Amino acid sequence: MAKAKAPASSTQLTQVVSQAGITAKQLRSTKIKLMTDVQRARVIGVATGGLVALKVPIVLSPAAPIKGTSDMELFSAMLVDPTWPAGSGQALFSSGFPAGVAPGVQVAFNRVKTGKTHLVEFYVTLNMNVAYRFRVFTFPLGDFVDVTIQGPKTTVIAALAPPVDQISGTLELGASIMQLNSVSDDAGWSCQSVQVNTIG
């Protein structure tokens, strides 16, 4: 008896996730652990008491990319799985998968409060034994910083978006991460969610 062929969708999934440096099983077993306020304070270099977590933080994810006036955009994602991890889903990217736009994630949200810096947390999994390079932008001022993180690891890439108090009224703020690795790096990664809190 001839061996049954795997469905095309299953074969395609295997091919796509392998380009991100994982297996379909690893895709389904991905877990994220949110930062504590102590970890947040350590990352941004303030006293723990200087961080004020929102009662209801802004949380965006591939499973829920739009909430009210806040939204998430994914650039050059190879796959978006809204089902796992439950509640957030994840988007898969790779520098080894050439596209017209560099792989990345961007979020936009209304300024929560004047005088408060906004901490934007990108929850990512870096799948390969590669030095991952990202450019981290904040908007509307367009400031950026380049970061390098050695994979493989599950981590948080943080951005500090200032409130831009010189502009009154409702103001849209934002942050993004853009992968800078080359095609030859073949650096696969995924983003599970983004969370925004305020500082000060």
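**Exercises around strand 13**

Strand 6 (residues 90–94) pairs with strand 13 in the antiparallel sense, over 4 bridges. Keep in mind that this is a predicted model.

**Exercise 1.** Work out which residue of strand 13 is the bridge partner of Leu92.

*Solution.* Start with the pair of strands: 6 and 13 run antiparallel. Now look across from Leu92, and you land on Ser190 in strand 13.

**Exercise 2.** Find out how many bridges strand 13 makes with strand 2 and with strand 8.

*Solution.* Take strand 2 (residues 58–60) to begin with: it pairs with strand 13 over 3 bridges, antiparallel. Val59 sits opposite Gln195 there. Then go to strand 8 (residues 117–126), which pairs with strand 13 over 10 bridges, again antiparallel. In that pairing, Phe122 has Val194 of strand 13 as its bridge partner.

**Exercise 3.** Decide whether strand 13 is largely enclosed or not, using its buried residues.

*Solution.* Buried means under 20% relative accessible area. Go along residues 188–199: 12 of the 12 are buried, so strand 13 is largely enclosed by the rest of the structure. For the protein as a whole, buried residues make up 40% of the 200 residues.

**Exercise 4.** Identify the edge strands of the open sheet with the order 3-4-7-12-9-10.

*Solution.* Read off the order of this sheet of 6 strands, paired antiparallel. Strand 3 (66–67) and strand 10 (143–150) are at the edges; each has a single partner strand, so one side of each lacks a neighbour in the sheet. Further in, strand 4 (residues 70–75) pairs with strand 7 (residues 104–110) over 5 bridges, and Phe75 has Gly104 of strand 7 as its bridge partner.

Conventions: Residues are numbered from 1 along each chain as its sequence is written. This is a predicted model: local features need pLDDT of at least 70, side-chain atom pairs count only at pLDDT 80 or more; totals for chains, interfaces and linings use all residues. Side-chain values use heavy atoms; hydrogens and water are left out. Buried means under 20% relative accessible area, exposed over 50%, partly exposed in between (1.4 Å probe, protein chains only). Two strands pair if DSSP finds at least two bridges between them. Helices (H or I, at least four residues) and strands (E, at least two) are DSSP runs, numbered from the N terminus.
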